[in-house]
Amino acid sequence: MGCGACVPACPKGAVRLVDLVDQGIRPVTDSQLCEQCGRCVEVCPGVEISHGSFQEQTIPELRKSWGPILEMWEGYAGDPEIRFKGSSGGAATALALFCLENEDISGVLHTGTRAAAPLRNVPVLSKSREDLLAHTGSRYSPAAPCAKIDWIMGARSPVVFIGKPCDVVALRKSQAACPALEDKVCLAISIFCAGTPTTEGTNKILSALDVAPEQVEEFRYRGCGWPGMTTAKLTGGNSRMRQMSYEQSWGDILSKHGQTRCRLCPDSTGEFADISCGDPWYRQKEPGEQGWSLVLARTERGREIMHAAIEAGYIKLERVDSSVLPLSQEALLKRRRHLWGRLLTMHVMRIPAPCYNGFSLFDDWLRLPFGQKLRSLGGTFKRIITRGWRRPLKPAAGSEQLQDSGRSEQLVIDLDESEVKCKP
Ligand SMILES: Cc1cc2nc3c(=O)[nH]c(=O)nc-3n(C[C@H](O)[C@H](O)[C@H](O)COP(=O)(O)OP(=O)(O)OC[C@H]3O[C@@H](n4cnc5c(N)ncnc54)[C@H](O)[C@@H]3O)c2cc1C
């Protein structure tokens, strides 16, 4: 899924990441170094995800389709700059800042960019309000924050983690595989996720803005307003900018460059996080309205931190009714309802499929209208045939094979410098 957790999990350092421009971030193993111990697979959120039993206090009517939720709130960061720069209401950043300034933590592991490569996402460890502010906002392109889980291991005190739902699953699996990591995560925050567009999506936005990648000094997909404009700030020092609306960038371009694996994901709202943050799209937004976040406390730890952050003024929240979540995230609910049929088609056609336990996917599928059930089965069948999923993978695909695969461009992610370099 491109989370990167397999990189620190490998005791031999045999895994590296490449960003296939039209596919997403993928791991590549060095067959000379790999001893097939399987630790990379153990932490992989793409292979298997299982829920345990849910606490009784979780909201009963939301459990089946949205996972465990203790409390649901709507609001925004108490710090106006964080609210403005944040993707929605800046809740994820505000909660992380509360921990940074009030808990004994070493930093916040999340996703950002470096000045030298403003279009490429890298894991970052934020240690101040300024660091956090610099990395607010959703980055609708591949990101692998788990590739630096070893920073958590090496940290003096616990760390806050922010990532997509798959990143959080990978974090939890890494904690289960390595007990020393268990107490080193102060809080896991997930953002909602409809699927990560490939790098090709970002390239298409730049073409539409008539901007070459090397002209870009800073790139924001949204934020600085709600949802804010997609903005490329150009080099040259005179603050030249090219912009397009969120509706154009997400609706017309990025949503057409989704990753196949994301279509098979059962968790769009961070069901394994302590706290999840998304957009409260259930109501019509007023013109010029400032950002709002929907915030879900999923664990006791999450609830405790959230209440403390409200008390201290880091975040301003009000309780909302449980109906707000399905009304806000209709697309995510729809995708989940299609999932059981998609997986069934894969099993029938003998395609390896991910294994999910405790998600009530069949119940969700039953709620899908009959015509859509048929479309879902037929669509998956067609995709399997036309995209050649039945062709066996070559064993131990190495970078050479990936380069031979005819893809036009491949980016090798250099994690030592925590930057992404383009390989000629
Ligand atoms: C690919 C993608 C799809 C999304 N789909 C939906 C959706 O369907 N519905 C919905 O309500 N919300 C969706 N979101 C989340 C939404 O855009 C906001 O990020 C969320 O509401 C949090 O807003 P905030 O103001 O609290 O976050 P902020 O305070 O702005 O913080 C955002 C945090 O997310 C981290 N982050 C940004 N991009 C990534 C990334 N690609 N991978 C990992 N971490 C990242 C940043 O490092 C930062 O810490 C999506 C986000 C992404 C990246």
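How many of the 7 residues of strand 8 (residues 185-191) are buried? The legends below start there; keep in mind that this is a predicted model.

**Close-up 1. Strand 8 and its partner, strand 7.**
Strand 8 is mostly covered, and the answer to the opening question is 7 of its 7 residues. Strand 7 (159-163) runs parallel to strand 8, and 5 bridges join the two. To find your way along the pair, pick out V159, which stands opposite V185 in strand 8.

**Close-up 2. The largest nonpolar core.**
Here we look at the largest nonpolar core, with 89 residues. Those with the most contacts inside this core are A94, L95, A96, C99, V160, I189 and I275. Helix 5 (residues 91-102) provides the largest share of the core, 9 residues. Why does the core lie between domain 1 and domain 2? Domain 1 (6-328 + 393-422) and domain 2 (330-386) both give residues to it, so it sits between them. As background, nonpolar side chains in soluble globular proteins tend to be buried together.

**Close-up 3. C99 and its contacts, plus a second core.**
C99 is one of the residues with the most contacts inside the largest core. Skip its neighbours within four places in sequence, and C99 is still in contact with I105, V160, C186, L187 and I305. There is also a second, separate core of 9 residues, which includes Y140, I205, L209 and W250.

**Close-up 4. Where domain 1 meets domain 2.**
The domain assignment splits the protein into domain 1 (6-328 + 393-422) and domain 2 (330-386). Their C-alpha centres lie 25 Å apart. The contact takes 16 residues from domain 1 and 17 residues from domain 2. On the domain 1 side, strand 3 (48-50) and helix 3 (60-66) are the elements that give two or more residues. Strand 3 gives the most to that side, with 3 residues. By class, the side of domain 1 that touches domain 2 has 7 nonpolar, 6 polar and 3 charged residues.

**Close-up 5. The hairpin of strands 5 and 6.**
Strand 5 (residues 107-114) and strand 6 (residues 117-126) run antiparallel, with 6 bridges joining them. They form a hairpin with 2 residues between them. A handy landmark is T111, which stands opposite P123 in strand 6.

**Close-up 6. The shell around the ligand.**
Which residues are closest to the ligand? They are G86, T93, S138, A194 and G278, out of 35 residues that surround the ligand. Helix 5, strand 5, strand 7 and strand 12 (275-278) each supply at least two residues of this shell. So helix 5 turns up again after its part in the largest core. By class, the shell has 12 nonpolar, 19 polar and 4 charged residues.

**Close-up 7. S249 in helix 10.**
S249 is found in helix 10 (residues 246-253). Is S249 buried or exposed? S249 counts as buried because it has 26 C-beta neighbours inside 10 Å, and the cut-off for buried is 20 or more. Leaving out residues up to four places away in sequence, S249 touches I205, Y221, T230, M244 and L254. Of these, I205 also belongs to the second core. S249 and T202 are 47 residues apart in sequence, yet 8.8 Å apart in space, C-alpha to C-alpha.

**Close-up 8. A cis peptide bond at P227.**
The peptide bond from W226 to P227 is cis, with omega near -5°. P227 has its place in the loop between strand 9 (216-220) and strand 10 (230-234).

**Close-up 9. Positive phi at Q36 and R350.**
Two loop residues go in this view. Q36 has a positive phi of about 55° although it is not a glycine, and it lies in the loop between strand 2 (24-29) and helix 2 (39-42). Q36 counts as exposed because it has 11 C-beta neighbours inside 10 Å. R350, another residue other than glycine, has a positive phi near 60°. The place of R350 is in the loop between helix 14 (330-348) and strand 15 (355-357). With 9 C-beta neighbours inside 10 Å, R350 counts as exposed too.

Methods: Residues are numbered from 1 along each chain as its sequence is written. This is a predicted model: local features need pLDDT of at least 70, side-chain atom pairs count only at pLDDT 80 or more; totals for chains, interfaces and linings use all residues. A nonpolar core is a set of buried Ala, Val, Leu, Ile, Met, Phe, Trp, Tyr and Cys residues joined through C-beta atoms within 7 Å. A residue is buried if 20 or more other C-beta atoms lie within 10 Å of its own, exposed if 12 or fewer, and partly exposed in between; C-beta atoms are placed from the backbone. Helices (H or I, at least four residues) and strands (E, at least two) are DSSP runs, numbered from the N terminus. Domain bounds come from an automatic or database domain assignment. Two residues are in contact if their C-beta atoms, placed from the backbone, lie within 7 Å. Ala, Val, Leu, Ile, Met, Phe, Trp, Tyr, Cys and Pro count as nonpolar, Asp, Glu, Lys and Arg as charged, and the others, Gly among them, as polar. Two strands pair if DSSP finds at least two bridges between them. A residue is near a molecule or strand if its C-beta atom, placed from the backbone, lies within 6 Å of it.
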